[in-house]
Amino acid sequence: MQAFTIHKGLAAPLDRANVDTDLIIPKQFLKSIKRTGFGPNLFDELRYLDHGEPGMDNSKRPLNPDFVLNQPRYQGASILLARENFGCGSSREHAPWALSQYGFRAIIAPSYADIFFNNSFKNGLLPIILPEAEVSRLFEEVEANPGYQLEVDLERQVVVKPDGNELPFNVDPFRKHCLLNGLDDIGLTLEKADKIKEFESQRLASHPWLAVEPQV
């Protein structure tokens, strides 16, 4: 998992509340057993004018010119502004996968659905909670200023605006440690690889028959 320390990037505003995970990545794209390739179908129903299905050549599909991520000024955005209850609906882990694979590193919203919130941290995506009034002010500033960038400093737990003003946010210490060090669940386990090997050696020394393959 990619570590998150300080990220500065273009902000894009998705001005709608209660965005559910089926809107983030529609159910027909969950058939894949891979963990990659979901970025082109992020917000598929909003992003394209036709109905999307797995295996389609997205480069040939008609884009919805009114959708925010299709507008030229937001190309390359890596910080998503959202409204309350972002990521509600089903618990699909594909939602943070699609957001990350599109290029987003952080989301800023007043609130999130719990499962989406947890899944985001496990996949290197930082979901930041700010007061609703501050989020609304960011929406106004982003929309009024093309090229509006924000800096997210996870170590200091602040969002830095272009004018230098800082917006503090809270984050669980354990989740912060994992993001700063790029540790997913597998990475956390591998941190204890030496202890695991030591345990296995001691167990086999005291129970040698465990190393004997059963006869069929």
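This briefing describes the fold, the helix packing and the unusual backbone angles of one protein chain. The model is predicted. It holds eight helices and seven strands, and 45% of its 216 residues count as buried. The seven strands form an open sheet with mixed pairing.

**Overall dimensions and surface**

- Taken along the principal axes, the C-alpha atoms of the protein fill a box of roughly 70 × 45 × 25 Å.
- Among the contacts with a separation of 6 or more, 63% are accounted for by residues 24 or more positions apart.
- The protein exposes about 11,700 Å², and carbon and sulfur atoms supply 52% of that area.
- The protein has 23 positive and 30 negative charges, and the mean positions of the two sets are 3 Å apart.

**The sheet**

- The strand order is β4-β3-β2-β1-β5-β6-β7, and the edge strands, each of which pairs on one side only, are β4 (126–129) and β7 (166–168).
- On average, and with direction ignored, neighbouring strands of this sheet are turned by 30° against each other.
- Strand β1 (residues 6–13) pairs with strand β5 (residues 149–153) in the antiparallel sense over five bridges, and within these two strands Ile 6 of β1 stands opposite Asp 153 of β5.
- Strand β2 (residues 79–81) runs parallel to β3 and is joined to β3 by three bridges; Leu 81 has Ile 108 in β3 as its bridge partner.
- In a regular strand the side chains alternate between the two faces of the sheet. In β3, Ala 106 and Ile 108 point one way while Ile 107 and Ala 109 point the other way, and all of these residues are buried.

**Helices α3 and α4**

- Helix α4 (residues 114–122) packs on the sheet by touching β3 (106–109) and β4, and the direction of α4 makes about 130° with that of β4.
- The buried residues of α4 are Phe 116, Phe 117, Asn 119, Ser 120 and Phe 121, and their cover includes α1, α3, β3, β4 and α6 (173–181).
- Helix α3 (residues 94–102) has His 94, Ala 95, Pro 96, Trp 97, Ala 98 and Leu 99 as buried residues, and what covers the buried residues of α3 includes α1 (21–24), β2, β3 and α4.
- Each of these two helices is followed by a glycine with a positive phi: Gly 103 after α3, with a phi near 130°, and Gly 124 just after α4, with a phi of about 80°.

**Positive phi outside glycine**

- Most residues other than glycine have a negative phi. Against that background, Asn 18 has a positive phi of about 55°, and Phe 43 has a positive phi of about 50°.
- Asn 18 is found in the loop between β1 and α1; this residue is partly exposed, with a relative accessible area of 45%.
- Phe 43 lies in the loop between α1 and α2 (44–47), and because its relative accessibility is 0%, Phe 43 counts as buried.

Terms used. Residues are numbered from 1 along each chain as its sequence is written. Side-chain values use heavy atoms; hydrogens and water are left out. Helices (H or I, at least four residues) and strands (E, at least two) are DSSP runs, numbered from the N terminus. Buried means under 20% relative accessible area, exposed over 50%, partly exposed in between (1.4 Å probe, protein chains only). Contact means heavy atoms within 4.5 Å. Accessible areas come from the Shrake-Rupley method with a 1.4 Å probe; for residues, only the protein chains shown count as cover. Lys and Arg count as positive and Asp and Glu as negative; His and the chain ends are not counted. The place of a charge is taken as NZ of Lys, CZ of Arg, CG of Asp or CD of Glu. Two strands pair if DSSP finds at least two bridges between them. Axes are lines fitted to C-alpha atoms, for helices over the stretch in contact, and angles run from 0 to 180 degrees between N-to-C directions.
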